[in-house]
Amino acid sequence: MAQIDYSALPKQKAYRINVDEAPIIDESGDMDEDDEGAAAIRTPILTNDNIITWTTGQPGDVIPWHTHSPEMYQILINIEGRCVWHYKDNDGNEQSIEGGPGDIIYLPAGAENKVEVVGDEPHTHIGVLRRPRVPRIEQLLGETEGVYDHREFPAAFVYDDMNDKVVRMDENAVSE
C-alpha cells in the first residue's frame with residue numbers, strides 16, 4: 001500500500017471547547033432590563049463558514065423577537081426539553097414550530113423569530129448557522145444601536161479555516 005502524503009491537508013490538530021465557559025451572545029441580551037427569563041445562547045465555535053451555538057433555558061424562558069440576515073438560515077438540533085420557534089412568514093404572519101428531544105428544526109434565513117422554552121423541563125439545543133457577512137437585518141440597514149458588532153462576534157474558539165489558523169481562543173473554554 002502506498003504511503004499517503006498528508007502535507008497538503010490543513011493542520012491536523014483538534015480542540016475541545018467547554019460550552020459552559022463559552023461566551024453568551026447578545027440575542028438573549030435584547031430583552032428589556034425589566035424582562036426576566038432570557039434563554040442563554042453560547043457560541044463555542046465560529047469558523048469562516050459556520051456558527052455553532054449552544055442554547056439553554058428553563059420553562060418560560062424566551063429569546064425575544066429578533067432578525068437574521070437573508071443568508072443566515074438555522075438548523076437547530078434539540079437535545080432536551082421542548083421549545084417553540086415563532087417566526088414571521090413572507091406575508092408577516094406569525095407561524096410557529098415546536099421541537100423536542102431528537103427533533104431537528106430548519107428555520108428559514110431572514111425570518112424574524114422568537115424562541116420560547118415550553119413544558120416542565122429545561123431545554124437545550126445546538127444551532128448550526130451559516131456564518132453570514134452581516135448577521136442581522138438591522139446591520140444591513142445601518143440601524144446598529146443596541147446591536148452587537150458582528151465583526152467582534154463573541155465565541156470561545158474562532159478558527160480561520162481558509163488560512164488554517166486559530167484567530168481567537170478563550171483559554172478558559174478551549175483546551176487542546
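Visitor: In what order do the 7 strands of the open sheet run?

Guide: This sheet has mixed pairing, where two strands pair if DSSP finds at least two bridges between them. Strands here are DSSP runs of E with at least two residues, numbered from the N terminus. The model is predicted, so to speak of local features takes pLDDT of at least 70 and side-chain atom pairs count only at pLDDT 80 or more, while totals for chains, interfaces and linings use all residues. The order is β8-β5-β10-β3-β2-β11-β12.

Visitor: Which strands sit at the edges?

Guide: An edge strand pairs on one side only. Those strands are β8 (104–107) and β12 (165–169).

Visitor: How many bridges join β5 to β10?

Guide: β5 covers residues 74–80 and β10 covers 123–130, and they run antiparallel. Within this pairing, L76 stands opposite G127. The number of bridges is 6.

Visitor: What is the angle between the planes of F157 and Y159?

Guide: Rings of Phe, Tyr and Trp (its six-membered ring) pair if their centres lie within 6.5 Å; planes under 30 degrees apart count as stacked, over 60 as edge-to-face and the rest as tilted. F157 and Y159 are stacked, at 5.9 Å centre to centre. Their planes make an angle of 20 degrees.

Visitor: Are F157 and Y159 buried or exposed?

Guide: Buried means under 20% relative accessible area, exposed over 50%, partly exposed in between (1.4 Å probe, protein chains only). Residues are numbered from 1 along each chain as its sequence is written, and side-chain values use heavy atoms, leaving out hydrogens and water. Both F157 and Y159 are buried.

Technical notes: Helices (H or I, at least four residues) and strands (E, at least two) are DSSP runs, numbered from the N terminus.
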